[in-house]
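These are my notebook entries from a session spent looking through one model. I kept to pockets, cores, loops and one strand pair, and wrote down what I looked up.

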Amino acid sequence: MILQTKIGKVYTDIVGKDFQGNDVHSILSVPYARAERFEYPELISREEYSEDSFLNREGSFCFPQKKYPLKLNIFMKHHMLRPEFQPLKDVQTENAFVVNIWASDKFTEKKPVVVFLHGGGEGSGTVPIYMMNHIAEQGVVAVTITYRIGNFGYMPIFDNGEIRGSLAYLDQQTALTWIQNNISSFGGDNTNITLMGHCGGAVAALYHYLNSTSNKLFHKLILCAGNIPILSKIDFAKNQYKKLLAKNHLTGLKELKKLSVKDLLKIKGGQNDIIDGKFFTEHPMNLLKRGEFPSMPVLIGANKDEFSMIELPMYYKTLGITKKKEQLKEILLKKYGEFAEILKNEFKTEATGVVDLQVLIMELFVFHSSTLFLMETLEKKCPIYGYRMNYVPNLYNGLCGSYHGAELAFFFGTIDKMNIQITDENRRAVMSIQKDWTEFIKSGKIADRPLFNETDKIIQYDKDIKAVPFPHVDLIHRTQNSGIADKLRKEYISNRR
């Protein structure tokens with residue numbers, strides 16, 4: 001189907017009806033920028049459009065990335081390897097600078113906008129789990145951004161005295177600028193935009209919130225399973241860059257540009273966020289500590305079982321996890337020192353076994369302590385809603401619990417993309433989270449839910465939704481100056497790259 005907008009024609013598919021009975025359209029693959037490999041993105045300006053030309057390309061696109069065989073998951077039963085988390089239908093190309101839009105066909109109306117940033121390891125804005133037709137059905141214009149990932153977006157280049165980094169974040173910033181300039185042509189209100197990110201996308205959203213150019217382009221913030229800022233020192237990144245050039249028999253940028261996509265994907269060890277002087281002008285932690293960030297409503301949280309994704313034997317050695325009960329005390333002492341016994345006692349009734357105990361402790365330091373730190377820091381200037389999601393999709397008989405990314409399936413309503421039997425409890429979870437989070441996107445408030453600033457409580461999404469104190473808050477505060485959390489976060493990020 002073809003629709004006319006103020007700035008040009010678009011290819012669309014009708015994917016639903018909004019609450020007023022209007023058709024909801026999926027408008028995929030609208031270019032927002034252009035760039036050659038390892039070059040800065042150039043915004044596609046409004047002046048380049050005409051009403052008679054097509055804005056978007058047919059089909060969906062992603063940046064080059066590894067493909068994981070679906071048969072592997074027959075044995076692993078890992079939710080991230082399922083087809084709904086992979087860009088199987090996307091065409092891989094280095095020209096995937098696109099936004100994807102879901103909106104009702106009332107383009108003359110002004111509706112609130114949500115912009116979603118997916119995680120930075122793999123994926124795209126058109127992975128099935130991120131499809132936003134059900135959000136558009138709630139009277140919201142929904143947008144996803146596809147940006148450079150892996151070595152294409154996160155590997156800084158050191159060439160002839162020039163530092164060129166943060167390309168993934170600059171792609172996102174360019175897309176946010178395009179959205180600010182053009183979303184009104186799709187019925188979006190550019191004075192009411194919420195930026196939302198998950199995992200690496202939540203870290204990116206935080207960076208945009210702390211960036212003085214980016215944070216003028218949105219008005220509310222949702223951070224799902226994110227982390228605190230972690231940047232590498234310039235000398236460390238430069239040394240890694242030199243090592244990877246030598247290891248791959250390359251002399252510099254010119255040869256990197258000539259590498260085949262397949263060979264560039266194979267290169268390891270060069271991905272680092274650094275103070276590049278363009279996107280990062282100083283460490284974002286300094287901005288947080290000085291309170292140099294804007295006042296806006298923030299929704300932030302994580303799921304109960306974020307690290308169920310690593311409860312696989314293939315990860316145990318890398319993460320220093322033991323399966324043997326007799327080795328547990330030694331392992332905990334080595335990792336956590338004086339806090340080993342305290343941590344063991346805190347989680348022994350929650351844990352289902354020796355491995356799960358260690359995973360719960362890691363989860364506390366990597367995800368939950370980061371969430372609490374950000375909530376307690378941002379509440380000085382922002383109204384904060386916190387959440388902990390305990391809802392469990394009916395996947396592998398609940399094997400993975402409320403796993404990393406499960407909140408997206410519930411909020412986006414894409415649990416219907418998972419090829420599982422959807423229970424009544426799952427349907428209620430979708431309705432609850434969609435109601436609350438859509439209300440936040442529209443107004444920055446959630447009726448009858450606690451503000452963390454006023455109550456020190458967060459929303460616990462479970463069979464019964466209730467306000468609860470942040471789980472294990474006293475233990476997090478007791479260990480916050482130990483350096484344990486910082487060490488584990490860095491190890492986790494390093495292992496993912």
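The entries below follow the order in which I worked.

**Entry 1, the model.** I note before anything else that this is a predicted model, and I read every value below as computed from it.

**Entry 2, the second largest pocket.** I looked up the volume of the second largest pocket and found about 400 Å³. Its lining is made up of 22 residues, and those closest to the centre are Asp 305, Ser 308, Glu 311, Asp 356 and Leu 399. When I sorted the lining by residue class, I obtained eight nonpolar, seven polar and seven charged residues. I then asked which element gives the largest share of this lining; it is helix H13, residues 354-378, with four residues.

**Entry 3, Asp 305.** Since Asp 305 is among the residues closest to the pocket centre, I looked at its surroundings separately. Asp 305 sits in the loop that runs between strand S16 (298-303) and helix H10 (313-319). Is Asp 305 buried or exposed? Its relative accessibility is 17%, and because buried means under 20%, Asp 305 counts as buried. Beyond the neighbours within four places in sequence, I listed its contacts as Glu 363, Cys 400, Gly 401, Ser 402, Tyr 403 and His 404.

**Entry 4, the nonpolar cores.** I turned next to the largest nonpolar core, which holds 104 residues, and recorded that the most contacts inside it belong to Val 99, Ile 101, Ile 145, Phe 186, Tyr 209 and Tyr 336. The largest share of this core, 15 residues, is contributed by H13, the helix that also gives the largest share of the pocket lining. A second core, separate from this one, has 45 residues, including Ile 129, Ile 222, Ile 415 and Ala 429. As background, I noted that nonpolar side chains tend to be buried together in soluble globular proteins.

I picked Tyr 209 from the core for a closer look. With neighbours within four places in sequence left aside, Tyr 209 touches Asn 215, Phe 218, Leu 221, Phe 293, Pro 294, Met 296, Leu 378 and Cys 382.

**Entry 5, Leu 55.** Leu 55 belongs to the loop between strand S6 (42-43) and strand S7 (61-62), and at 5% relative accessibility it counts as buried. What is the C-alpha to C-alpha distance between Leu 55 and Ile 7? I found 7.9 Å, for two residues that are 48 residues apart in sequence. Outside the neighbours within four places in sequence, the contacts of Leu 55 are Thr 5, Ile 7, Gly 8, Lys 9, Val 10, Val 30, Pro 31, Tyr 49 and Phe 186; Phe 186 is one of the residues with the most contacts inside the largest core.

**Entry 6, two positive phi values.** I checked two residues other than glycine that have positive phi, namely Cys 199, near 60 degrees, and Asn 419, near 55 degrees. Cys 199 is placed in the loop between strand S14 (188-198) and helix H5 (200-209), whereas Asn 419 is in the loop between helix H14 (406-411) and helix H15 (424-443). Cys 199 is buried at 11% relative accessibility, while Asn 419 is exposed, its relative accessible area being 76%.

**Entry 7, a hairpin.** Last, I looked up strands S18 (residues 457-461) and S19 (residues 466-469), which run antiparallel and are joined by four bridges. They form a hairpin with four residues between them, and I noted Val 468 in S19 as the bridge partner of Ile 458.

Terms used. Residues are numbered from 1 along each chain as its sequence is written. This is a predicted model: local features need pLDDT of at least 70, side-chain atom pairs count only at pLDDT 80 or more; totals for chains, interfaces and linings use all residues. Side-chain values use heavy atoms; hydrogens and water are left out. On a 1 Å grid over the protein atoms alone, a cavity is a set of points where a 1.4 Å probe fits but cannot get out, and a pocket is an open set with protein on both sides within 12 Å along at least five of seven lines; lining residues have an atom within 4 Å of a point. Grid points are joined across faces, edges and corners, and a volume is the space filled by probe spheres set on the points. Ala, Val, Leu, Ile, Met, Phe, Trp, Tyr, Cys and Pro count as nonpolar, Asp, Glu, Lys and Arg as charged, and the others, Gly among them, as polar. A nonpolar core is a set of buried Ala, Val, Leu, Ile, Met, Phe, Trp, Tyr and Cys residues joined through side-chain atoms within 4.5 Å. Buried means under 20% relative accessible area, exposed over 50%, partly exposed in between (1.4 Å probe, protein chains only). Contact means heavy atoms within 4.5 Å. Two strands pair if DSSP finds at least two bridges between them.
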